[in-house]
Amino acid sequence: MTPFQPKRRQLVYTVGGALALTLLGCNQREQAMITLYTFGDSILDCGHYNEFGVHPGQLLVQNDDRLFPDFKGQDLASRSSARLEHRAYDGATVTRLPAQTQGLRVEGTALALITVGGNDLLQGLIQDTGAGITTFATALDTFVQQLPIRPVLLGNVYDPTLGDDSRNFSGVDPAIARKNLQRMNTAIQQIATRYGQLVDLHAHFLQGDPSWFTATIEPSLRGASEIRRAFLPFVLS
């Protein structure tokens, strides 16, 4: 039997088809789904504090071009397929973080955003004189270490008084309150350095104004966008 000898045109089709499949495979890998997970408190779960139900995780996955035209194209969806798994909830403290991972199944490319500490301060650590913040740090370290998601972006705690003692709402001596806020943020920074990246919400919000807040301490619509702004460079990189 005469050996099969493909004609030149057949070879072109064969090679071209293989190349097309290779390119398709590359494109599918480039378009692999990215899942953004949010854990923590109202810094990330602040949608019910504005009339549009907007929170930072939503804006990081897909910007609302009508509300924030300056951020058009600056989101995960503009670069790849992306989805949000929003697990943060208003009022959470560090001891409630493990419950937010219930049923968690991580597949494919993922990154985690975590904000916690503000409610722990309000529930007593703002006037801590002992080992309270150390206990907080141990609990947070354990949670982040065991979280099956990398990278981790860990936000610290902002100061809703914007550094102005006349706006103090806590009833605690501002000097004591600021010292413990600093202690907490130092602990958060150390944990972020071990497992991921610190997002310095504290420094960013000191450049803001009262319009960034609602209900005294919660992020307003503008505040939600500013939290997004602080996380955005790390999310997109």
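Here is a chat between a colleague and a modeller about the predicted model above.

Colleague: Before we start, what are the ground rules for this model?
Modeller: It's a predicted model, where local features need pLDDT of at least 70, side-chain atom pairs count only at pLDDT 80 or more, and totals for chains, interfaces and linings use all residues. Residues are numbered from 1 along each chain as its sequence is written, and side-chain values use heavy atoms, with hydrogens and water left out.

Colleague: What is the mean pLDDT of the protein chain?
Modeller: pLDDT is the predictor's confidence in each residue, from 0 to 100. In this chain 87% of the residues reach 70 or more, and the mean is 90.

Colleague: And how many contacts does the stretch 18-30 have beyond near neighbours in sequence?
Modeller: Contact here means heavy atoms within 4.5 Å. Over residues 7-15 the pLDDT is below 50, and that stretch has 2 contacts beyond near neighbours in sequence. Where pLDDT is low, the predicted coordinates should not be read in detail. Residues 18-30 are also below 50, and beyond near neighbours in sequence their count in the model is 1 contact.

Colleague: Is His55 buried or exposed?
Modeller: His55 sits in the loop between strand E1 (34-40) and helix H2 (56-61); helices (H or I, at least four residues) and strands (E, at least two) are DSSP runs, numbered from the N terminus. Leaving aside neighbours within four places in sequence, His55 touches Leu44, Cys46, Gly47, Leu84, His86 and Ala224. We call a residue buried under 20% relative accessible area, exposed over 50%, and partly exposed in between (1.4 Å probe, protein chains only). His55 has a relative accessible area of 8%, so the word for His55 is buried.

Colleague: How far apart in space are Val61 and Ala82?
Modeller: Val61 is in helix H2, and Val61 is buried at 9% relative accessible area. Leaving aside neighbours within four places in sequence, its contacts include Leu36, Asp75, Ala82 and Leu84. Val61 and Ala82 are 21 residues apart in sequence, yet C-alpha to C-alpha they are separated by 6.3 Å.

Colleague: How many salt bridges does a search of the whole structure find?
Modeller: You look for a side-chain nitrogen of Lys or Arg within 4 Å of a carboxyl oxygen of Asp or Glu. One hit is Arg87 with Glu85, at 2.8 Å, N to O. Run over the whole structure, the search gives 9.

Colleague: Which residue does Asp128 meet in a salt bridge?
Modeller: Asp128 is buried, with a relative accessible area of 14%, while its partner is partly exposed at 27%. The two side chains come to 3.1 Å, N to O, and the partner is Arg183. The pair links distant parts of the chain, 55 residues apart: Asp128 is in the loop between helix H3 (118-122) and helix H4 (132-146), and in helix H5 we find Arg183.

Colleague: Which residue meets Glu226 in a salt bridge?
Modeller: Glu226 counts as buried at 2% relative accessibility. Its partner also lies in helix H7 (residues 221-236), 4 residues apart, which is about one turn of the helix. The side chains meet at 2.7 Å, N to O, and the partner is Arg222.

Colleague: How much space lies in the largest cavity?
Modeller: Rolling a probe the size of a water molecule over the atoms shows where empty space is left. On a 1 Å grid over the protein atoms alone, a cavity is a set of points where a 1.4 Å probe fits but cannot get out, while a pocket is an open set with protein on both sides within 12 Å along at least five of seven lines; lining residues have an atom within 4 Å of a point. Grid points are joined across faces, edges and corners, and a volume is the space filled by probe spheres set on the points. The structure holds 1 cavity of 30 Å³ or more, and its space is about 390 Å³.

Colleague: Which residues lie nearest the centre of the largest cavity?
Modeller: H3 and H5 each supply at least two residues of the lining. Of the 22 lining residues, those nearest the centre are Leu122, Val157, Tyr158, Pro160 and Phe169.

Colleague: Which helix gives the most to the lining of the largest pocket?
Modeller: That pocket holds about 160 Å³ of space, and its lining includes Asn156, Arg178, Gln182 and His202. With 6 residues, the top contributor is helix H5 (residues 174-195).
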